[in-house]
Amino acid sequence: MEQLEQYRQLVQQVLAEHNKYKPSYGDIEQFTIADTQNDHYQLATIGWEGDRRVFSCLIHIDIKGDKIWIQHDGTEVGVANQLIQLGIPKQSIILGFHDPNARKFTEFALN
């Protein structure tokens, strides 16, 4: 339970860090979404750039069991790298955006 709380805090810390950097174009709102009961976390954007609608998810992370699943990472630095710097072991991180067959070629957990 202590580990789960630590993971929740660190995941939300990473999202908050990225949320400091707002899009420099359009009329776009960026915000974090945290479903702490089901452990789904996102950094989302919504708004308009001229007459074009913008709606996207920059980061999506889930916590399942004792693993952190990075479902989507639209950052340049890599969310996994940030979680490692915060003390999360690679074997507790799953790169969910990789094909399951490709995960064995990474140093991260398989499932």
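Helices (H or I, at least four residues) and strands (E, at least two) are DSSP runs, numbered from the N terminus. Read that way, the chain in this predicted model follows the order α-β-β-β-β-α-β from the N terminus on.

**Figure 1. The whole chain, with its 2 helices and 5 strands.** Welcome to the overview, which sets the scene for the close-ups. The C-alpha trace spans about 45 × 30 × 25 Å along its principal axes. A compact globule of 111 residues would have a radius of gyration near 13 Å, and the 15 Å of this chain agrees with that. Of the 111 residues, 37% count as buried. The chain exposes about 6800 Å², and carbon and sulfur atoms supply 49% of that area. Contacts also reach along the sequence: among those between residues at least 6 apart, 35% join residues at least 24 apart.

**Figure 2. Helix 1 and the elements it packs against.** Helix 1 has 18 residues and covers residues 2-19. From its first C-alpha to its last it reaches 26 Å, close to the 26 Å expected at 1.5 Å a residue. Which residues of helix 1 are buried? They are Tyr7, Arg8, Leu10, Val11, Val14, Leu15, His18 and Asn19. An α-helix has 3.6 residues a turn, so residues three or four places apart point the same way. It is worth keeping that in mind while looking down the list. The buried residues of helix 1 pack against strand 1, strand 2, strand 3, strand 4 and helix 2.

**Figure 3. Two residues of helix 1, histidine 18 and alanine 16.** Is histidine 18 buried or exposed? Its relative accessibility is 12%, so histidine 18 counts as buried, the cut-off being under 20%. Leaving aside residues up to four places away in sequence, histidine 18 touches Gln30, Leu43, Ile59, Thr75, Val77 and Gln82. Alanine 16, by contrast, is partly exposed, with a relative accessible area of 40%. To get a feeling for distance, find arginine 52, which is 36 residues from alanine 16 along the chain. The C-alpha atoms of alanine 16 and arginine 52 are separated by 26 Å.

**Figure 4. The hairpin of strand 1 and strand 2.** Strand 1 (residues 27-35) and strand 2 (residues 40-49) run antiparallel and are joined by 9 bridges. If you would like a landmark, glutamine 30 of this pairing stands opposite threonine 45 in strand 2. There are 4 residues between the two strands. Aspartate 39 lies in this loop, and its phi is near 60 degrees, a positive value in a residue other than glycine. Most residues other than glycine have a negative phi, which makes this turn a good place to pause. Aspartate 39 is also buried, with a relative accessible area of 7%.

**Figure 5. The hairpin of strand 2 and strand 3.** Here strand 2 pairs with strand 3 (residues 52-64) in the antiparallel sense, over 10 bridges. Threonine 45, met in the previous view opposite glutamine 30, stands opposite serine 56 in strand 3. What lies in the turn of this hairpin? There are 2 residues between the strands, and glycine 50 in the turn has a positive phi of about 65 degrees.

**Figure 6. The largest nonpolar core, a set of 19 residues.** Val11, Ile68, Ile70, Val79, Leu83, Ile88 and Ile93 touch the most other members. Helix 1, strand 2, strand 3, strand 4 (67-73), helix 2 (79-85) and strand 5 (93-95) each supply at least two residues of this core. Helix 1 gives the largest share, 5 residues. Take isoleucine 93 as a guide to the surroundings: not counting residues up to four places away in sequence, it touches Ile68, Ile70, Ala80, Leu83, Ile84, Ile88, Phe108 and Ala109.

**Figure 7. Lysine 67 in strand 4.** Where would you expect a lysine side chain to sit? In this case lysine 67 is buried, with a relative accessible area of 17%. Which residues does lysine 67 touch, not counting those up to four places away in sequence? They are Asp62, Gln91, Ser92, Ile94, Ala109 and Asn111. One of them, Ala109, is also touched by isoleucine 93, so you can step back to the core view from here.

Terms used:
Residues are numbered from 1 along each chain as its sequence is written. This is a predicted model: local features need pLDDT of at least 70, side-chain atom pairs count only at pLDDT 80 or more; totals for chains, interfaces and linings use all residues. Side-chain values use heavy atoms; hydrogens and water are left out. Two strands pair if DSSP finds at least two bridges between them. A nonpolar core is a set of buried Ala, Val, Leu, Ile, Met, Phe, Trp, Tyr and Cys residues joined through side-chain atoms within 4.5 Å. Buried means under 20% relative accessible area, exposed over 50%, partly exposed in between (1.4 Å probe, protein chains only). Contact means heavy atoms within 4.5 Å. The expected span of a helix is 1.5 Å times one less than its number of residues. The radius of gyration is taken over C-alpha atoms; the globule rule is 2.2 Å times the number of residues to the power 0.38. Accessible areas come from the Shrake-Rupley method with a 1.4 Å probe; for residues, only the protein chains shown count as cover.
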